[in-house]
Structure formats: structure tokens, C-alpha cells
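Me: I'm new to this structure and would like a close look at a single part of it, the place where the chains meet. Could you walk me through that part and then show me how it fits with its surroundings?

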Amino acid sequence: MTGGAMNRATQTALLLVAAAALIAAPFYLGAYSLTLLGRVLALSIAALGICVVWGRTGILSLGQGLFFGLGGYALAMHLKLAATAKGELPDFMVYNGVESLPWFWKPFASAPFALAMVLILPALAAGLVAWLMFRRRITGVYVSIITQALVLAFVTWLNGSQGLTSGTNGITDFQTFLGIDLRSSGTGLTHGLYWVTLLILGVCMAGTSWLLRTHFGSLLTAIQGNENRVRFLGYNPAAYKIAAFAFGGLLSGLSGALYTLHLGTISPAMIGVTFSIELVVWVALGGRASIVGAVGGMVAGQLAKDRISSAVPDAWLYIMGALFVLVVLVLPQGVAGLLNRRGSAGGSEVEAGAGHAADLPRTSKTGEQA
Amino acid sequence: MDPVFLSGQLFTGLSVASLLLLTALGLALSFGLMRVINMAHGEFLMIGGYLTFIAAKVAGPGFLWLAFPLAFVGTALLGALLEAAVIRRLYGRPLDTLLATWGISLILQQAARQIFGSTGVPVTAPDWLNGAVTVHGGALDGLTFPYVRLFVIVLAALVLGGMWLLLSRSRFGMHVRAVNQNREMAAALGVNTRQLDLLVFSLGAGIAGIAGVGLALLSPVNPAVGSAYIVNAFLVVVVGGVGSVLGAGAAALLLGFTTALAEGLTSSSLAQAIMLILVVAFLQWKPRGLIPTRSRALEDA
């Protein structure tokens, strides 16, 4: 590790190798592994949102499952209507004695509308939640608690509204999407879905990376460092935080829709409090301030979860719990932070550590620990 | 609405609010004092419940004399261990304490699942708590107040009163308030802040353990009970104002009644959503809670 340029060249090379391996994956992975990888890549898009919102802006949202769920349900509602004969009601509504299609289901019969809603609905919801919080300068742990309560309320409502949302069972039994038969077991579908997911993830990574290098991105980092100083410079931090939060919500929604497509179902249990916190932890493990770190953490974490929880189901929660504690105690900036520290001597770590200090004016102690 | 049903709903709301208050007290203290977000706090409640179950197994019908000290000391010791092993290293990093303690809550829940099973273990209340006061005549004819719920309400009132006395009248309380207002200054004046952190954290855990006794009397204890309470307990802290014991009391009542009323009017799933919308609306009006801590600091979380 002699200089920054060398380091960057190595990084680019590694990234290209990883990208090539991912693109070629359908040719050497088995069907099970490939579907698993596809699902994990879909989740990684939500990780990108957490990287922007938490890693760069310093807002820890424990409610990303809410926006993930909105995207997932928006698509699932369309898929359900597409699988239901014209003029008839989805099966779960019939079982629950619903007489006519609820008003908010009706427009989802149109595929373009549903696809637009996959992006618009979560972004709008996130923007609204952020507006309510940040314009009143609600910060730090309050945001975490409120977002967590929001996802709990959403899940409780979904569970309780059998006739409208299919409740705990979730929406399932999809058949076609844009004319493609989702029930076919051929490789065409699995490979296609995998590559589409990979492509979308790549576009989102490039887009996020570009966004973070703009003036807007610098302001987000500045807000994490010292929001008041940003305010005194004449900017309105609330507006930037709302925009960042809405962007994170949009990525979560997109992730949720892709995940629903991969899994063929969505249910409240998939998007609840545990899921939302788990997302955050994999991002923390990889490195929340780094795009590659966030995505890498999500991929590695989810793959490990799949393997370990099927091998030793009882031990999984112990392992995950211990990982939470260890990451926080030993690797506050994740694996990416560790690699950066090796590459360049400190520097950026101090800046990233200041994010904690912003929560509390006890800077001197934080400096030692960061 | 039927006044009997409404009053019954409000009474149930009051008993739920009592448990919520006992859970939130420890959170309010550790959050206010140390800026620690303890997601494993709900598991102290759970452990208090399981210790009550053990006390009932060991001591038979009159187990309460054993359950209270066992639950209090057991959870307080665990709290002390947790503070010394993990939380001590994370001061000044509230969001990180949140993640680390969430990990600990996962471990505790899984341990409970393996020791006690995933279905709830029932605790039979002592004979003298069986029964209810029934209202005869008047508009509220037929309304019943079960003794167990009354007991839980009295318990919460006693603990709240005791905490208030401890904080406002004792030397320990003075130190707690001093550290809460300005940690550096209190330390400079000779308060052993590290020791105080440990004591306060253990005390909060012990109170959650006592709440666990109340919980076990009302319903079977299961491994998920902590996570069911923790989100609402945090809302109590947020609405009440960080670090304020009185605020936590008022907020617990407010949230308990609102949920009970909303449940009576709609359904329990909608009630949760309604309560949350009200909390967010409330924070628009008072972002720092009912009883805010006054401070000149710009960046007071």
C-alpha cells in the first residue's frame, strides 16, 4: 500500500473482478445458489439507501422495512390483480367477505402505474416522514425510535387488515408479470431475473456513487459532521436530510419490489422490526459510509445467514447477536473502515467518527473511542 | 359508547400503562443520564417474568415475597454485568449502543426460548389476588376491577413515588440530577460518574424486573414479550421528555389510555397505528416531549 493511486487501481481491479464474477454467476452456480444470490442482490439495493441515509448523513433509520414493504406491496398488488380473472376479486378478499375491490387497489391493475408506484410511493412516504421529523429538528435516537415504531405500526395494520392486505399470510400466488410467466421453472426466467436485478443494482450503485460526489453529497457528509455549522453557513439542513431520506426510501422500495418478484410473495413478517434492524446491521458490518462496504456487507451477511441458519438453526440467533455486539465494539466503521485505515493513515476515520459526536456534545471522549 | 365498556377499557389501559411506566422508567434514566439506548431493556422485563415463574415453582402459592427480591436483584445484576461488559465502552455513541443492545436482546431471547420453550409459561396469582371489585347500581353497574390489575397499578404508583423520592430527596438523586444536567461539571465537583452510571443502569434494570412480576401475574411469560413492550416503552420516553421521571409517568398514562380507547373504538391493530400517528403529531407540537430538559447546548440530542 504505497500510495493512494495504487490503492485506487487495486480497488478498481477488485471491483471489476467481482462484477465479472457476478455477471457470469448463472453459468457456474446451481439453481438454488443463483436464486439466493439474486435475492441478496435485491436486498443490497436497500443497503445502498442505508449507506446514504445513515453512513453519509448520520440518520439511523430503523424503519427501512416500511419503505421496502411499500415497494413490495405496490408490485404484489399488481401481480395479484394480474393473476385474478377480470371482474373477479383476489382470492383472499373472497375468503374475507370483501364485496368489491377497495379503491386503493383499483389503479394497480395497470402495470405502468404499479411500476411507477414502486418508486413514488416509498419515496413520498419517506419524504413525508422525514419532513415531519426534520422540520421540527427531531434528531439522533429519536429518529431511530420513531422510524422503528412506524414500521411496527405498518406491520400491525397489515396483519389486522385481512380483507385489504391478506393479513399475516401476505400476498402470494403470482402468475404473470408483463406477459412473462412467473411459474415457469426454466433457466430463462431465473437467469433473466438475476441479470435484471444485477443490472438495476449496478445502475443504483453508479447513481448513488455519483450523487455522493456532488455538492449535495458533500453537504450530507457535512450535516453528519456538524449540522449546526451547516445551518450557520446558510444552508437548510432539513431540506437536504429530507431529500436524502426520500432517496433512501426510494431505493428501499425498489429493493422490496425486486425481492417480492424473486420470492413470489410478500408478507408482514418479511418486513417487520427484526428485518429492518437486520438490514442496518449488515450494512454496519460491511461499512456504512462506503457503497461497496454496504453492498458487500449485505451480500456476505445474508449469504452467511442462509448457510448458518440452515446448518445450525438454534445457534443462528446467538451468532447474529454476538456479531452485532462485536461489530459495534471492534469495527465501528465496518470492514470497509478497517481496509481504509490500512490504506491511508487515519484521516477519514476521524471525520466519520464525528458522526457520533454530533449526537452529543461529549466530543472529547468520543474522539478517543472512535 | 357503553359507559361500562368504556370504563373497563380505560381501567385495562391504566394497568397496561403501569407496566409500560415501570419499563420506561429504566429507559428514561439510562437514556437521560448516559444517552444509552438499551434495546435489551424489554428482556429485563422478560427475565423478571421468568424469575417470577421460578419463584412460584420454588415457593408455592405465596411466592410474591420471593418473586420481588429475586426479580429485582436478578435483573439488576444482569444489568450491572451488561453495563460493565458492553455499554461502558460505548458512551457517547448512542446509535451504537442501540445496535449492540439489540444483539444482546437477540441472545437473551434465544436463551429464553431454549430454556423455557417458545410458548408462554403461566404463573398462577396467589389466592388473595383472585377476584374482583364489582360496581353495583348507577351508570357503571356491572363494571369489574380485577384485584390483579389493581395490584399492578398500585405497584407502579409505589415504584414511581419511590423513584421520585429517591431522585428529589436523596444524595444519590442529587448526583443523578447533577450528572443529567452537566456531566463534566458534576465530575469536576467530585461525583463518581462511572459508578453512578453503573448504579443507575442496574436500578433501571431492576425496576424492569419488578415490572416483570406484574407482567407474569397478568399473562403468561414468553420469549417475545420484551420486544412487544420495548417500542411502546421508548415512545413513552420520547413523549415524556428524556430523563424526566414525571414526564415518563404522564406519557405512560397518556399512551395507555389512548391505546385502550382506540382499541375500544376500532381494533387493536388500528389502535397501534392511531397511537403512533398521535405521537408523531404530538412531537410536531412539542419536539422535546412533555417535560423537556432545559439546556443551553446547541446540540442537545
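Reply: Happy to! One definition will help first: a salt bridge is a side-chain nitrogen of Lys or Arg within 4 Å of a carboxyl oxygen of Asp or Glu. By that rule A:Arg307 and A:Asp306 form one, with their closest N and O atoms 3.6 Å apart. A:Asp306 counts as buried at 15% relative accessibility, whereas A:Arg307 is partly exposed at 47%. Please keep in mind that this is a predicted model.

Now to the contact between the chains. It takes 55 residues from chain A and 48 residues from chain B. Together the two chains bury about 4900 Å², and 69% of that lies on carbon and sulfur atoms.

How many salt bridges are counted between chain A and chain B? The count is 1. It pairs A:Arg288 with B:Asp96, whose closest N and O atoms are 3.8 Å apart. Between chain A and chain B there are also 8 residue pairs in polar contact, counting pairs with both residues at pLDDT 80 or more. On the side of chain A that touches chain B, several helices each supply at least two residues, among them α5 (111–134), α6 (140–160), α13 (273–286) and α15 (313–330). The helix that gives the most to this side is α6(A), with 14 residues. Sorted by class, this side of chain A has 34 nonpolar, 14 polar and 7 charged residues.

That brings us to the nonpolar core. In soluble globular proteins, nonpolar side chains tend to be buried together. Here the largest nonpolar core has 201 residues, and A:Phe134, A:Phe245, A:Ile271 and B:Leu64 touch the most other members. Helix α2 (residues 31–56) of chain A contributes the largest share of this core, 16 residues. A:Phe245 makes a good stopping point: leaving aside neighbours within four places in sequence, its contacts include A:Val53, A:Ile59, A:Phe67, A:Val129, A:Met133 and A:Phe134.

Let's return to the salt bridges, this time over all chains, where the count comes to 9. One of them joins the side chains of A:Lys80 and A:Asp91, at 3.1 Å from N to O. Because A:Lys80 lies in helix α3 of chain A and A:Asp91 in helix α4 of chain A, the pair ties together parts that are 11 residues apart in sequence. A:Lys80 is buried, with a relative accessible area of 4%, while A:Asp91 is partly exposed at 28%.

The loop between α3 (64–82) and α4 (91–95) of chain A holds A:Ala83. A:Ala83 is partly exposed, with a relative accessible area of 22%. Its C-alpha atom is separated by 7.6 Å from that of A:Asp173, although the two residues are 90 residues apart along the chain. Not counting residues up to four places away in sequence, A:Ala83 touches A:Asp173 and A:Gln175.

Chain B offers its own examples. B:Glu83 forms a salt bridge with B:Arg88, the closest N and O atoms being 3.1 Å apart. B:Glu83 counts as buried at 0% relative accessibility, and B:Arg88 as partly exposed at 26%. Back in chain A, salt bridges that share partners join A:Glu227, A:Arg231 and A:Lys241 into one network.

A last residue to find in chain B is B:Gln109, in helix α4 (residues 94–116). B:Gln109 counts as buried at 10% relative accessibility. Beyond its neighbours within four places in sequence, B:Gln109 is in contact with B:Glu43, B:Pro223 and B:Ser227.

How values were computed: Residues numbered from 1 in each chain as written. Chains lettered and ligands numbered in written order. Predicted model: local features only at pLDDT ≥ 70, side-chain atom pairs only at ≥ 80, totals over all residues. Heavy atoms only, no water. Contact = heavy atoms within 4.5 Å. Buried area = accessible area lost by both parts, 1.4 Å probe. Polar contact = N/O pair within 3.5 Å; in protein donor to acceptor, adjacent residues only side chain to side chain. Helix = DSSP H or I, 4+ residues; strand = E, 2+ residues; numbered from the N terminus. Nonpolar A, V, L, I, M, F, W, Y, C, P; charged D, E, K, R; others polar. Core = buried A, V, L, I, M, F, W, Y, C linked by side-chain atoms within 4.5 Å. Buried < 20%, exposed > 50% of the residue type's maximum accessible area, 1.4 Å probe, protein only.
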